Amino acid sequence: MAARSVGRGVGRLLGSLHGRSGQPARPLRGGSVPRRAASGLWDSAPAAPAAQPGSYQALSAQAAREPAAFWGPLARDTLVWDTPYHTVWDCDFSSGKIGWFLGGQLNVSVNCLDQHVQKSPESVALIWERDEPGTEVRITYRELLETTCRLANTLKRHGVCRGDRVAIYMPVSPVAVAAMLACARIGAVHTVVFAGFSAESLAGRINDAKCKVVITFNQGLRGGRVVELKKIVDEAVKQCPTVQCILVAHRTENKVHMGDLDIPLEQEMAKEDPVCAPESMGSEDMLFMLYTSGSTGMPKGLVHTQAGYLLYAALTHRLVFDYRPGDIFGCVADIGWITGHSYVVYGPLCNGATSVLFESTPVYPDAGRYWETVQRLKINQFYGAPTAVRLLLKYGDAWVRKYDRSSLRTLGSVGEPINLEAWEWLHKVVGDSRCTLVDTWWQTETGGICIAPRPSEEGAEILPGMAMRPFFGIIPVLMDEKGNVVEGGDVSGALCLSQAWPGMARTIYGDHQRFLDNYFKAYPGYYFTGDGAYRTEGGYYQITGRIDDVINISGHRLGTAEIEDAMANHPAVPETAVIGYPHDIKGEAAFAFIVLRDDAGDSDVVVNELRSAVATKIAKYAVPDEILVVKRLPKTRSGKVMRRLLRKIITGGVQDLGDITTLEDPSVITEILSAYQKYKDKRAAAH
């Protein structure tokens, strides 16, 4: 069933792309207000009919054919500039050169704060949905600017200069957002480390970035539990010679040990002026670094720069989610991940939105937490992960229907391909079959959403469980194993992008060669995403999972996500994970791990039904050779299934599990090993 179209966003692009917009925007200095209203992107004009020049297809074609003519006016009219840029883009994938809006000068915090304070200082910038239910805190744009300036002045007083790196080890909170913006204001580079990483992982990131300062809380609260953040930082910093001080904010009233490097943040900020002159930054200066795990070796410190990233985050936030002025935008991601950077902080704040900061978990104090929050805060857009959806699905519909969700207009999915059962439940139960549901594909490296059902032509369909349409300027290409472009529809291949876009990462910090090797070496002249995709006859894209999650069964290439999707539609199976393992005859075979509902009944019956479902939906060769029932799957703290651990378990590699610092609960490994041993013993006895 296709979700209903919103279809408003494309027409609002017309002005800025087709000459309605006049001169370059004035810089925000001396009380002048930036001219943005003239741009068609921001007004409330109705969507243009598909036949007009501003249709989705026409704009996509222009962005592909004339990137300078497409992005130039958008950057001029969307962002507040100190100095206009002279060159829209200078990019060459064959050499890994990426540059946008060259010669331009601006400040990201001015774009996210000052311009809105001048127009509407008391409008709400952030709603902090704290861990304790029903205790939300509202922060206005004026308050956020003052907090940001005090924090920026504190950083400067403690020796942080333009270009210095600052580690932020904090959960979702207004202080964490202010810390990010304070770095941006003075030209420092922030690297937010998810406040669930171990001391060892934190230390590795601090040392790689050579951070001068760490900002943290005394403790954190999550799901009713206290997290000892300061203790973790103390342990990490023992290994970090570049750290000169630790700024400690207070989330709880509990006292923690304060050593020689430790400075109470609130006390220091109280001494500072609430005004801080913004540093004028070049378009290609570093804005932040964010670490993402590689398949081997040290996590990669991906570098994002100023203007291109901010423009892309703001534009995708507005058009993919149909954001309208006055909306309450609810992205429940942690700021430690790129989703939190782009769609909790930078995109919404650049657009003057009210952004929800969600500190808690989907099931605290019960499985209705998300939906009670939607009702209380009157959230209009809800953006979350399939993992959370599948978890809540296990608890049934009553927890959803208990609360009023009539404020919701757009639902979004992010982080991994969403299976059909979860998509249908999100659409029909959570969204009452009336909300637009956007399944978004993108990466830390891309900076913002690259493929999603919206924007689109007016009334265009949305296909369940499919990202579908490339965003403006994104040109997907599928490649075969020999490096040849795969043409036509009903085809699969390695997903590459053939043209640069403003939001993409520029390098890996300190190792540009690794950046080139990871993303531009496999398919010269193209950006290689590492994901596989399927393209329909209609030209729509469905992500099939990471390339290393593709199994070659008797010569048939098959994405593990396809098998998972087929099995996850079974009403007794809320979660599955499929991996490939060596097979003497087939080369590779599929091994499935499944989690059953408590009321699933006879597990053998369910397993047989799953085999039949896969054979019916895909093919007999796709049926997993082995299906193991487990209580839960090994997941990172951000909710992703660690399939490599499952592969280690069944291939006998448990002696060397590699880095498991991101694993939410290490005891799950012992639990699955035990289940697997019993499974093998049972099979041996039967033979």
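This is a short walk through one sheet and several salt bridges, with a selection to make at each stop. Keep in mind that the model on your screen is predicted.

**Stop 1: the sheet**

Start by selecting strands 23, 24, 25, 27 and 28. Together they make an open sheet of 5 strands, and reading across it gives the order 24-23-25-27-28, with antiparallel pairing. Now colour the two edges: strand 24 covers residues 485-486 and strand 28 covers 541-546. Each of these has a single partner strand, so one of its sides has no neighbour in the sheet.

Next, move inward and show residues 491-497, which form strand 25, along with residues 527-535, which form strand 27. How many bridges join strand 25 to strand 27? There are 6, and the two strands run antiparallel. For a landmark, label Cys496 and look across to strand 27, where Phe528 is its bridge partner.

**Stop 2: a buried pair**

Leave the sheet and turn to the salt bridges, of which the structure holds 35. Select Arg369 and Glu129 and show their side chains: they form a salt bridge, with N and O 2.8 Å apart. What does this pair tie together? Arg369 belongs to helix 12 (residues 369-377) and Glu129 to strand 4 (residues 124-129), so the contact links parts that are 240 residues apart in sequence. Switch on a surface if you like; Arg369 and Glu129 are both buried.

**Stop 3: a link between two loops**

Now pick Arg409 and Asp327, whose side chains meet in a salt bridge of 2.7 Å, N to O. Arg409 is in the loop between helix 14 (398-401) and strand 19 (410-413), while Asp327 is in the loop between helix 10 (307-320) and strand 16 (328-331), so this pair ties together parts 82 residues apart in sequence. Are these two residues buried or exposed? Arg409 is buried, and Asp327 is buried as well.

**Stop 4: along one helix**

Select helix 15, residues 420-430, and find Lys428 and Glu424, which sit 4 residues apart, or about one helical turn. Show their side chains to see a salt bridge whose closest N and O atoms are 3.3 Å apart. Lys428 is partly exposed, at a relative accessible area of 39%. Glu424 is also partly exposed, at 21%.

**Last stop: a network**

Finish by selecting Glu129, Glu136, Arg138, Arg369, Glu372 and Arg376 together. Salt bridges with shared partners join these residues into one network. You will recognise Arg369 and Glu129 from the second stop, where they formed a salt bridge.

Definitions and conventions. Residues numbered from 1 in each chain as written. Predicted model: local features only at pLDDT ≥ 70, side-chain atom pairs only at ≥ 80, totals over all residues. Heavy atoms only, no water. Pairing = 2+ DSSP bridges. Salt bridge = Lys/Arg side-chain N within 4 Å of Asp/Glu carboxyl O. Buried < 20%, exposed > 50% of the residue type's maximum accessible area, 1.4 Å probe, protein only.
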